[in-house]
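Colleague: I'd like to get a feel for a protein model by asking about it bit by bit. Could you take me through one?

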Amino acid sequence: MCSKSCAVLDLLKSKDVDLSIREYLQDVPSKDELLELVTLLQLKPLELIRRNESIFQEKFKNLVLSDQEWISVMLEYPILIERPIVLKDGKAVIGRPIDKVITLISES
């Protein structure tokens with residue numbers, strides 16, 4: 001687990017938030033789940049991709065793909081999915097910076 005994910009997890013535990021953790025590398029989101037995530041996050045699929053990952057740099061850095069093609073890339077290479085993502089009450093944020101998570105869990 002990356003340091004940002006660990007920090008978010010520690011925050012959620014300290015706030016006694018009821019949570020479930022999805023190990024997305026072992027339990028890859030479906031196409032529909034990824035589409036729902038980008039909708040909840042109000043992002044384009046490319047914005048959900050970790051562009052500093054070596055796989056992205058080697059295979060996709062200079063490509064211009066459609067939103068559907070970027071979704072397919074994330075399905076094939078889930079390590080490219082930005083993390084951590086926190087969902088609550090039909091809303092979602094990427095936990096970078098962690099303040100986004102604090103705002104989300106503070107909302108009623």
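Modeller: Sure, let's go through some backbone details, some rings and some helix packing.

This is a predicted model, where local features need pLDDT of at least 70, side-chain atom pairs count only at pLDDT 80 or more, and totals for chains, interfaces and linings use all residues. Residues are numbered from 1 along each chain as its sequence is written, and side-chain values use heavy atoms, with hydrogens and water left out.

Colleague: Where is P84, and what kind of peptide bond joins R83 to P84?

Modeller: Helices (H or I, at least four residues) and strands (E, at least two) are DSSP runs numbered from the N terminus. P84 sits in the loop between α4 (67–76) and β1 (85–88). Omega from R83 to P84 is near -5°, and the bond is cis.

Colleague: Which residue of helix α1 touches R83 and P84?

Modeller: Contact means heavy atoms within 4.5 Å, and here residues up to four places away in sequence are not counted. The residue has a relative accessible area of 10%, so it is buried (under 20%; over 50% is exposed and in between is partly exposed, with a 1.4 Å probe and protein chains only). It lies in α1, and the one touching R83 and P84 is S5.

Colleague: Is D16 buried or exposed?

Modeller: D16 is in the loop between α1 (3–14) and α2 (31–41). Its phi is positive, about 55°, although D16 is not a glycine. With 70% relative accessibility, D16 counts as exposed.

Colleague: And what is the relative accessible area of Q42?

Modeller: Q42 lies in the loop between α2 and α3 (54–59). Phi of Q42 is near 55°, a positive value in a residue other than glycine. Q42 is exposed, and its relative accessible area is 71%.

Colleague: What type of aromatic pair do F56 and F60 form?

Modeller: Rings of Phe, Tyr and Trp (its six-membered ring) pair if their centres lie within 6.5 Å; planes under 30 degrees apart are stacked, over 60 edge-to-face, and the rest tilted. The structure holds four aromatic pairs. For F56 and F60, the centres are 6.5 Å apart and the planes are at 35°, so the pair is tilted.

Colleague: Which residues do the ring pairs link into a cluster?

Modeller: Two of its members are buried: F56 at 5% relative accessibility and F60 at 10%. The ring pairs link up F56, F60, W70 and Y77.

Colleague: How are α1 and α5 oriented to each other?

Modeller: Two packed helices are described by the angle between their axes and the distance between the axes. Axes are lines fitted to C-alpha atoms, for helices over the stretch in contact, with angles from 0 to 180 degrees between N-to-C directions. Here the angle is about 30° and the axes are 10 Å apart. Angles under 35 degrees count as roughly parallel, over 145 as roughly antiparallel, 65 to 115 as roughly perpendicular and the rest as oblique, so α1 and α5 are roughly parallel.

Colleague: And what about α2 and α4?

Modeller: α2 and α4 pack at about 120°, with their axes 10 Å apart. That makes α2, relative to α4, oblique.

Colleague: Which residues of α2 meet α4?

Modeller: On the α4 side, the contact has Q68, I71, M74 and L75. The α2 residues that meet them are K31, L34 and L35.
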